[in-house]
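I wanted to look up the salt bridges in this structure and how exposed their partners are. My notes follow the display.

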Amino acid sequence: MRRGRLLGRIVVGSISLFLLVLVIGVLEFQYGMIQKTVYSSKVRHYLEQTYNEPMVIKKVTYLWDNIEPISARVHPKSSSNLEFSVYPSKDTPTGYRDDYAETLWVYQVKEDVEHRLLNIDSDLKSQPFIDFTCCAEIKDQMKVVEGTIPSYTQSNLQFDLIFQLERALQKNDLEQMFHILTALKPYEQPRFGIILFLLQPEDKSYRVEYKIPGAKLKDIHTIEDLKPFNESRLPARELAERIEAEISWDASNSRVVFSKGDTVLELKHWGEEVLLNGVLLPDALPSFLGEQGNLLVPVGLLEKAFQVEIPLIE
């Protein structure tokens, strides 16, 4: 008897919960539709007041549990590939904010970069990724001037340029990197924070990486000038095998030691602190764990410590 009553309560409770969820879902759907309609109208007014060019609202998204519960995807009527977002904002006089200026500037930079690399025959230049250099502050008054967004060349901002491929380093890649940098060097704009070449095969744990600060671009005159910017990393054991060094691990203290002859290279805290023959190297590149759990150690660190050259081509 008691079991029957308990079972009945469970069934009634489950049905009540289902009906409650159903009602909330229906109300949320209806409320969301109303919200989107009202928001679409307000965004249209905001765009007309902000920009001199006609805009098209592609869609309005409403997600009640999202950080930004409602937003609109918009693009200029003349350029459907320049999609940007419009969000509500309590920090602006209009009550809205958008990223049209950022979207347009990145697009303009990409166009200029691709045009300057047009005569270079290399897959390294395919699909360059461009973003603003970290922590750049873009003031609202820079974005729109009398309804028009000025060119990126007037923004005085820096951009990061990344060339990334999921493959290993090949024979002529360094030469192609040099040609790409040479093609970009004569121009004052865009200003680059860094230019990064990153090669990382899908089935491998290592990464070949050349990171050139934009300010150093003018100093690159030969392929050899790329060497100081080699930040490639290989698994620690593989590096030890390549230079025929002994390697020892102390997992409890997050420590690894390479030794060969009279040279001892010690990485503490998995590479956050590096000592060469007991002397701290203050500017050593850090090591880190790769996607496959291997400790990836900078190749240049071992080349300098053991006075060897480690080839990066398989």
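These entries cover the salt bridges I looked up, one group at a time.

Entry 1. I noted at the start that the model is predicted. I then took the total, and the count came to 10 salt bridges.

Entry 2. I looked up Arg73 and found a salt bridge to Glu83, with 3.2 Å between the closest N and O atoms. I placed both ends in the chain: Arg73 lies in strand β2 (residues 70-76), and Glu83 lies in the loop between β2 and β3 (84-88). The two are 10 residues apart, and the pair links distant parts of the chain.

Entry 3. Are the partners of this pair buried or exposed? I read a relative accessible area of 25% for Arg73, so Arg73 is partly exposed. Glu83, at 22% relative accessibility, is also partly exposed.

Entry 4. I turned to Glu209 and found a salt bridge with Arg207, at 3.2 Å from N to O. Glu209 also forms a salt bridge with Lys211, where the closest N and O atoms are 3.9 Å apart. Which residues belong to the network around these pairs? I listed Arg207, Glu209, Lys211, Glu231 and Arg233, joined into one network by salt bridges that share partners.

Entry 5. I checked accessibility for three members of the network. Glu209 is buried, with a relative accessible area of 5%. Arg207, at 18%, counts as buried because the cut-off is under 20%. Lys211 is partly exposed, at 28%.

Key:
Residues numbered from 1 in each chain as written. Predicted model: local features only at pLDDT ≥ 70, side-chain atom pairs only at ≥ 80, totals over all residues. Heavy atoms only, no water. Salt bridge = Lys/Arg side-chain N within 4 Å of Asp/Glu carboxyl O. Helix = DSSP H or I, 4+ residues; strand = E, 2+ residues; numbered from the N terminus. Buried < 20%, exposed > 50% of the residue type's maximum accessible area, 1.4 Å probe, protein only.
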